[in-house]
Amino acid sequence: MPRHERPRQLAGTRASIASAAARLMAEDGITDYHQAKRKAARQLGLSEHVAFPDNAEVEAELRAYRSLYNGDEHEEMLLAMRHSALELLDLLADFHPYLTGSVLDGTAGEHSRIDILLFADSAKEVEIFLLNRGIDVEHADSRNERVEAVLVMETDTVEANLVIMSPLLERVSLKHRDGRQRERVRADTLRALLSE
């Protein structure tokens, strides 16, 4: 194979994996990018040692997939999720909440959860606040040592992950596993986004 063909072949392989991973995330509800890429590579008959696309490439394919196959239905669902997120941001204002994740970036689907970052002195404080308002929560495992706790609660659309961190971390720039900065917004920014 000529030397100039190899980069083109690798790019094609990465694109195929990104596309297949996005389909798996949309249809099967896989939320872990690495798991989706590994499963996609297996389905395509590729080795797990092949160069995987980065998460941004999969995210772009996921947006394209949702636009192509879900169109208006996806837009309506995303809008409803963002309204639910805004209600949560307003409810939890005392804990400096931010919306992050797939509902913010527009890749959320029927299997997604609303991800809210909270900055509180303790997870118990947030849990008591919610229980006093008759809101039941469950604890979920955290995949990050900076996170004090993850509480899961129902909203009128989908479940929400309330990710509780120390107030000392509010000014820290959080990153995705692939090094990209994790976008997050406060209630006023989300409100402006919804009014567009």
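These legends walk through close-up views of a predicted model.

**View 1. The six-stranded sheet.**
Six strands make up an open sheet. Their order is S3-S4-S5-S2-S1-S6, and the pairing is mixed. In general, strands of a sheet pair through backbone hydrogen bonds, either parallel or antiparallel.

**View 2. The edges of the sheet.**
Strand S3 (138-140) stands at one edge and strand S6 (184-185) at the other. Each has a single partner strand, so one side of each is left without a neighbour in the sheet. S3 and S4 run antiparallel and are joined by three bridges. In this pairing, Ala140 stands opposite Val150 in S4.

**View 3. Helix H4 against the sheet.**
H4 packs on the sheet. Which strands does H4 touch? The helix touches strand S1 (98-100), S2, S4, S5 and S6. The direction of H4 makes about 15 degrees with that of S2.

**View 4. Strand S5 and its two partners.**
S5 is mostly covered, with six of its seven residues buried. S2 and S5 run parallel, and six bridges join them. Here Leu118 has Ile164 in S5 as its bridge partner. S4 and S5 run antiparallel, and seven bridges join them. In that pairing, Ala149 stands opposite Ile164 in S5. Ile164 thus appears in both pairings, as the bridge partner of Leu118 and opposite Ala149. S4 and S5 also form a hairpin, with four residues between them.

**View 5. The largest nonpolar core.**
This core has 33 residues. Which of its residues touch the most other members? They are Leu99, Ile114 and Leu130. Several elements each supply at least two residues of this core. The helices are H4 (71-91), H5 (102-105), H6 (123-131) and H7 (187-194). The strands are S2 (114-119), S4 (147-154) and S5 (159-165). H4 gives the most, with six residues. In soluble globular proteins, nonpolar side chains tend to be buried together.

**View 6. Around Ile114.**
Ile114 is one of the core residues that touch the most other members. Leaving aside residues up to four places away in sequence, Ile114 touches Met81, Ser84, Ala85 and Leu88, among others. Its contacts also include Leu99 and Val103. Further along the chain, Ile114 touches Thr155, Thr157, Val158, Glu159, Ala160 and Asn161.

**View 7. A separate core.**
Apart from the largest nonpolar core lies another core, of 17 residues. Among them are Met25, Ala26, Tyr33 and Ala40.

**View 8. The buried face of helix H7.**
Ala187, Leu190 and Leu194 are buried in H7. Seen down the helix axis, the buried residues of H7 fall within an arc of 65 degrees, so they line one face of the helix. What covers them includes H4, S1 and S6.

**View 9. A salt bridge from helix H1 to helix H3.**
The whole structure holds seven salt bridges. One of them pairs Arg14 with Glu57. Their closest N and O atoms are 2.3 Å apart. This pair links distant parts of the chain, 43 residues apart. Arg14 lies in helix H1 (residues 5-28) and Glu57 in helix H3 (residues 55-69). Arg14 is partly exposed, with a relative accessible area of 26%. Glu57 is partly exposed as well, at 27% relative accessibility.

**View 10. A salt bridge within helix H3.**
Arg63 and Glu59 meet through their side chains in a salt bridge (3.1 Å, N to O). How far apart are Arg63 and Glu59 in helix H3? They are four residues apart, so about one helical turn separates them. Is Glu59 buried or exposed? Glu59 counts as buried, because its relative accessibility is 8% and buried means under 20%. Arg63 is partly exposed, with a relative accessible area of 35%.

**View 11. A salt bridge to strand S5.**
Arg113 forms a salt bridge with Glu159. The closest N and O atoms of this pair are 2.7 Å apart. Arg113 sits in the loop between H5 and S2, and Glu159 in strand S5. The two residues are 46 residues apart, so the pair links distant parts of the chain. Arg113 is partly exposed, with a relative accessible area of 32%. Glu159 counts as partly exposed, at 27% relative accessibility. Glu159 is also among the residues that Ile114 touches.

Definitions and conventions:
Residues numbered from 1 in each chain as written. Predicted model: local features only at pLDDT ≥ 70, side-chain atom pairs only at ≥ 80, totals over all residues. Heavy atoms only, no water. Core = buried A, V, L, I, M, F, W, Y, C linked by side-chain atoms within 4.5 Å. Buried < 20%, exposed > 50% of the residue type's maximum accessible area, 1.4 Å probe, protein only. Contact = heavy atoms within 4.5 Å. Pairing = 2+ DSSP bridges. Axes fitted to C-alpha atoms, helices over the stretch in contact; angles between N-to-C directions. Salt bridge = Lys/Arg side-chain N within 4 Å of Asp/Glu carboxyl O. Arc of directions from axis to C-beta.
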